[in-house]
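Please work through the exercises below with the sequence and the 3D structure at hand, and try each task before reading its solution.

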Amino acid sequence: MGHHTSARPLRASRPPQGLSGRLRVAGDKSISHRALMFGALAVGRTEITGLLEGEDVLRTAAAMRALGATVERLGEGHWIVAGRGVGGLTEPADVLDMGNSGTAARLICGLLAGHPIFAVLTGDASLRSRPMKRVMEPLAASGARFTGRAGGRLPLAVEGAAEPMPLDYTLPMASAQVKSAVLLAGLCARGTTRVAEPQASRDHTENMLRHFGATVRVTSQGEGRLIELEGQPELVAAPVVVPGDPSSAAFPLVAALIVPGSAVTVEGVGLNPLRTGLFTTLREMGAELVVSNERVEGGEKVGDITARSGALRAVDVPAARVPSMVDEYPILAVAAACARGTSRFRDLRELRVKESDRVAATVALLEANGASVTVEGDDMLVHGTGEAPAGGGTVATHMDHRIAMSALVLGLVTPQPVAVDDASFIDTSFPGFAALINRLAGAEALGDLPA
Ligand SMILES: O=C(O)C1=C[C@@H](OP(=O)(O)O)[C@@H](O)[C@H](O)C1
Ligand SMILES: C=C(OP(=O)(O)O)C(=O)O
């Protein structure tokens, strides 16, 4: 499985005409990780369709196997997990390598906390630089023992608790990963686990817990929520239909908005309201984004989204919107760089602990290509002129798929091509990205760098 041995440079250039066509994007990454994990904890065989076969999710699949579940691939996106039951995971014989995936590493810490086994987690250089204390500290109160590198980094060792205590935890930041880790630990604890979040973050864990038969109560608390889970439920295998990932759909949709003469429809996109902040924001910028064919598939709202190119204006994105579009700021910054006026994105501090420091990486991406951007504290200001920036830069992607895809989308509209030093990490979330953009462009808009 894809250890990145060599960088894969790529360049984007303006296609002869706009992007057009219909497409589906691969399955939602957050839901795919959770489907495999809940499948591993359930009794019976969980059938998953539409699973994202990106590297991050394949790491979770391998980890669930290493923890004793049977995980089989029947066909594209079609997987079966035969679970061990809550509390039934077994000690892995080797280190669990979570690659580039923060979600896999943090959620698995929660899973391990409630099982009386020893495990060691590691990851690639990006993941080894990301903070893990945010899960180690709350989970330690369950009785699990975590030891990691200085500053709470991977590799870390976990000795799970034989009789885990239920946690009662107030999250210091809006993080679905930390919330989910606490809830997963709570599955193995006797009694009620409580997590309070200051702002509502994606609720796929809560939804899937219920779908597999657990009792979960959610109450609003101002902008936030209190989630209560009854421990030691019997989770029962349940089919999971994974919707298209809105965070992936963002790239072809923004490309269609900024490349003149484009009209693109992405079908079957997940529309969970805790994920759709980007679409709200783009509409505030004047984007033509139309949702059709809204329906419910596998318990999640989905729809087809059509984007047509047109002029965009600057936007002020409130801090309260961060959780519903936390991964979308790099591509939003690209849209803002093509819009008229100064956009402000408020309170981006969580972006600094993603696969890269996405505030710094996005600033560098734009500046390398002639766009003007400033940072004030944790706010980012993008100064658009209403014209595409010049391009011509080479962007350092820092092992970050979303920085790579954002830079390449920018290069579809700049007069000069945009290059990225390494596009290989796109495979963590969006395998086939370049081929798909080229199909929409009807040309090799994304291609190898000239020798
Ligand atoms: O729970 C999840 O699946 C995710 C939560 C978010 O991270 P945080 O919880 O760190 O905000 C997001 O950035 C990540 O891509 C996926
Ligand atoms: C932040 C992301 O993922 P993770 O935290 O799982 O690495 C992402 O996909 O943008």
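The exercises that follow treat the domains, the ligand shells, two helix pairs and two backbone details.

This is a predicted model, in which local features need pLDDT of at least 70 and side-chain atom pairs count only at pLDDT 80 or more, while totals for chains, interfaces and linings use all residues. Residues are numbered from 1 along each chain as its sequence is written, and chains are lettered from A and ligands numbered from 1 in the order in which they are written.

**Exercise 1. Find the domains of the chain and describe how they touch.**

Begin with the assignment, which gives domain 1 (10–27 + 243–447) and domain 2 (29–241); such bounds come from an automatic or database domain assignment. Next, take the C-alpha centres of domain 1 and domain 2, which are 29 Å apart. Then turn to the contact, where 24 residues of domain 1 meet 30 residues of domain 2, two residues being in contact if their C-beta atoms, placed from the backbone, lie within 7 Å. Finally, sort the side of domain 1 that touches domain 2 by class, which gives 11 nonpolar, 7 polar and 6 charged residues; here Ala, Val, Leu, Ile, Met, Phe, Trp, Tyr, Cys and Pro count as nonpolar, Asp, Glu, Lys and Arg as charged, and the others, Gly among them, as polar.

**Exercise 2. Work out where ligand 1 lies with respect to domain 1 and domain 2.**

First list the residues around ligand 1, among them Ser-30, Ser-175, Gln-177, Arg-202, Asp-327 and Glu-350; a residue is near a molecule if its C-beta atom, placed from the backbone, lies within 6 Å of it. The largest share of this shell, 3 residues, comes from helix 5 (residues 176–188), where helices (H or I, at least four residues) and strands (E, at least two) are DSSP runs, numbered from the N terminus. Because domain 1 and domain 2 both give residues to the shell, ligand 1 lies between them. By class, the shell around ligand 1 holds 2 nonpolar, 5 polar and 3 charged residues.

**Exercise 3. Describe the shell around ligand 2 by class and by domain.**

The surrounding residues include Lys-29, Asp-56, Thr-103, Lys-354 and Arg-402. In the shell around ligand 2 there are no nonpolar, 4 polar and 6 charged residues, and at least three residues are drawn from each of domain 1 and domain 2.

**Exercise 4. Describe how helix 2 packs with helix 3, and how helix 9 packs with helix 10.**

The axes of helix 2 (residues 55–66) and helix 3 (residues 102–113) come within 8 Å and cross at roughly 30 degrees, axes being lines fitted to C-alpha atoms, for helices over the stretch in contact, with angles from 0 to 180 degrees between N-to-C directions. Helix 2 and helix 3 are therefore roughly parallel to each other (angles under 35 degrees count as roughly parallel, over 145 as roughly antiparallel, 65 to 115 as roughly perpendicular and the rest as oblique). Their contact is made by Asp-56, Arg-59, Thr-60 and Ala-63 of helix 2 and Thr-103, Ala-104 and Ile-108 of helix 3.

For the second pair, helix 9 (residues 329–337) and helix 10 (residues 358–368) pack at an angle of about 30 degrees, with their axes 10 Å apart, which makes helix 9 roughly parallel to helix 10.

**Exercise 5. Place Pro-155 and Gln-232 and describe their backbone.**

Pro-155 is in strand 9 (residues 153–159), and the peptide bond from Leu-154 to Pro-155 is cis, with omega near -5 degrees. Gln-232, in the loop between strand 13 (224–230) and strand 14 (240–241), has phi near 50 degrees, a positive value in a residue other than glycine.
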